[in-house]
Amino acid sequence: MSAEPQPARAPATLAVSLGRPHVPGAAVSPPIEVTSVYRPDAAGSPLYGRERNATWEALEEVLGGLEGGRAVAFSAGVAAINAVLARVPVGGTVVAPDDAYTGTRANLDALSDRGLLTARMVDITDAAAVATACDGADLLWIESPTNPLLRVADIAALAAAARRRGVLVAVDNTFATPLGQRPLAAGADVVVHSVTKFLSGHADVILGAAVTSDNALADAFVTHRTLTGSIPGPVEAWLALRGIRSLPARFARAQTSAGLLAERLAAHPGVERVRYPGLASHPHHDLATRVLDGFGAMISFDVAGGAAGADALCGAVSLAVHTTSLGGVETTLERRAAQPLDAYLPEGLVRLSVGCEDVEDLWTDLSQALAAAMSAGRSRR
Ligand SMILES: *Cc1c(COP(=O)(O)O)cnc(C)c1O
């Protein structure tokens with residue numbers, strides 16, 4: 001260890017340099033630690049692999065560094081969500097976005113069906129409504145930008161209002177990633193990630209994380225993980241670690257492509273509406289410009305012709321992959337209202353996750369698929 005103070009390093013550097021042993025002779029890429037038990041050491045470290053694993057710790061060091069807190073890795077994003085919801089006392093109240101990620105809403109529904117909590121669903125962009133809903137609540141759950149409507153919340157303002165009322169604040173930062181916004185610095189208590197998405201980035205792993213700068217809360221997450229067994233596999237943790245190294249490069253490229261595609265989609269006659277925070281037409285564009293560092297790689301757009309038009313588009317792409325999920329190097333798209341819990345969405349809304357392919361190839365694919373959807377619509381009439 002050098003006594004020199006470390007310079008403050010940029011996220012792109014932290015993603016590459018953290019989570020590696022910096023000692024002579026050590027492997028530059030940390031090994032996948034495949035073991036269920038450890039031999040006792042002098043420090044009395046846990047012996048069982050449900051309690052610790054060096055590959056998780058390497059990933060946690062990177063993610064913690066990027067978010068500015070202590071990260072606890074989980075087997076899935078929904079496992080991290082449940083670890084946070086487990087902090088709510090029985091009979092407590094959670095305030096959450098009415099357009100939150102389907103899995104978040106499904107978990108809130110399941111817990112309230114069992115009488116364990118009450119969920120107050122709000123428009124997360126309505127600061128006054130959120131503040132009122134926080135009266136007497138235990139947890140404010142923020143997601144921003146939301147999946148898939150891409151609404152943008154003012155995390156600093158909402159967190160301040162919640163904290164004045166003694167309400168714990170969690171932010172699902174899956175869409176923006178720590179490169180787009182750092183909720184802990186904006187006053188949130190916890191950041192949650194579906195590491196499955198942009199952080200891992202290659203559609204080959206399911207993993208989650210919760211990050212906090214409150215040590216007691218981080219300890220509680222670790223205890224929850226150990227008790228519930230919601231632990232990442234060492235191989236999954238390693239894949240996520242490998243993926244996160246290139247997050248800054250992948251995300252920058254995907255984001256640039258998304259900005260271009262959003263503009264072209266908005267000008268296309270086969271598209272009725274584009275939701276992308278980077279467009280001046282987005283209702284929260286000014287806020288997004290202020291609170292986000294870049295507008296992300298997710299676009300939602302309403303295809304002319306509703307469900308039939310969107311289905312025709314999704315069936316006609318040949319480069320983009322018609323499937324669920326997001327955040328990979330592969331561009332994916334799907335009609336979200338086809339999912340039962342997302343039936344509230346506009347029928348023709350297509351959620352597009354922009355990947356790392358050449359942007360002109362992507363546009364060629366999307367515009368031929370839009371043309372196919374338009375001509376299918378003409379023959380239906
Ligand atoms: C996918 C997703 C999750 C859930 O993560 P899993 O890794 O699939 O369990 C949570 N929040 C958002 C915004 C997501 O898109």
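## Polar contacts of the ligand

In this predicted model, an oxygen atom of the ligand lies 3.1 Å from an N or O atom in the side chain of Asn 147. This is a polar contact, defined as a pair of N or O atoms within 3.5 Å; within protein, one atom must be able to donate a hydrogen and the other to accept it, and residues adjacent in sequence count only if both atoms are side-chain atoms. A polar backbone atom of Gly 77 is 3.0 Å from an oxygen atom of the ligand, and an N or O atom in the side chain of Asp 172 is 2.6 Å from a ligand nitrogen atom. On its own the ligand has 380 Å² of accessible area, of which the protein covers 92% (Shrake-Rupley method, 1.4 Å probe).

Residues are numbered from 1 along each chain as its sequence is written. Local features need pLDDT of at least 70 and side-chain atom pairs count only at pLDDT 80 or more, whereas totals for chains, interfaces and linings use all residues; side-chain values use heavy atoms, without hydrogens and water.

## Binding shell and pocket

There are 13 residues around the ligand, and Val 78, Asp 172, Ser 194, Thr 196 and Lys 197 come nearest (a residue is near if one of its heavy atoms lies within 4 Å). By class, the shell has six nonpolar, five polar and two charged residues, with Asp, Glu, Lys and Arg counted as charged, Ala, Val, Leu, Ile, Met, Phe, Trp, Tyr, Cys and Pro as nonpolar, and the others, Gly among them, as polar. Helix α3 (residues 77-85) supplies the largest share of this shell, three residues; helices (H or I, at least four residues) and strands (E, at least two) are DSSP runs numbered from the N terminus.

## Backbone geometry

Two cis peptide bonds are described here. One joins Ser 144 and Pro 145, with omega about -10°; the other joins Asn 147 and Pro 148, with omega about 5°. Pro 145 is in the loop between β4 (139-143) and α6 (155-164), and Pro 148 is also placed between β4 and α6. Thr 177, in helix α7 (residues 177-180), has a positive phi near 65°. Most residues other than glycine have a negative phi, and most peptide bonds are trans.

## Salt bridges

The count comes to 14 salt bridges (a side-chain nitrogen of Lys or Arg within 4 Å of a carboxyl oxygen of Asp or Glu).
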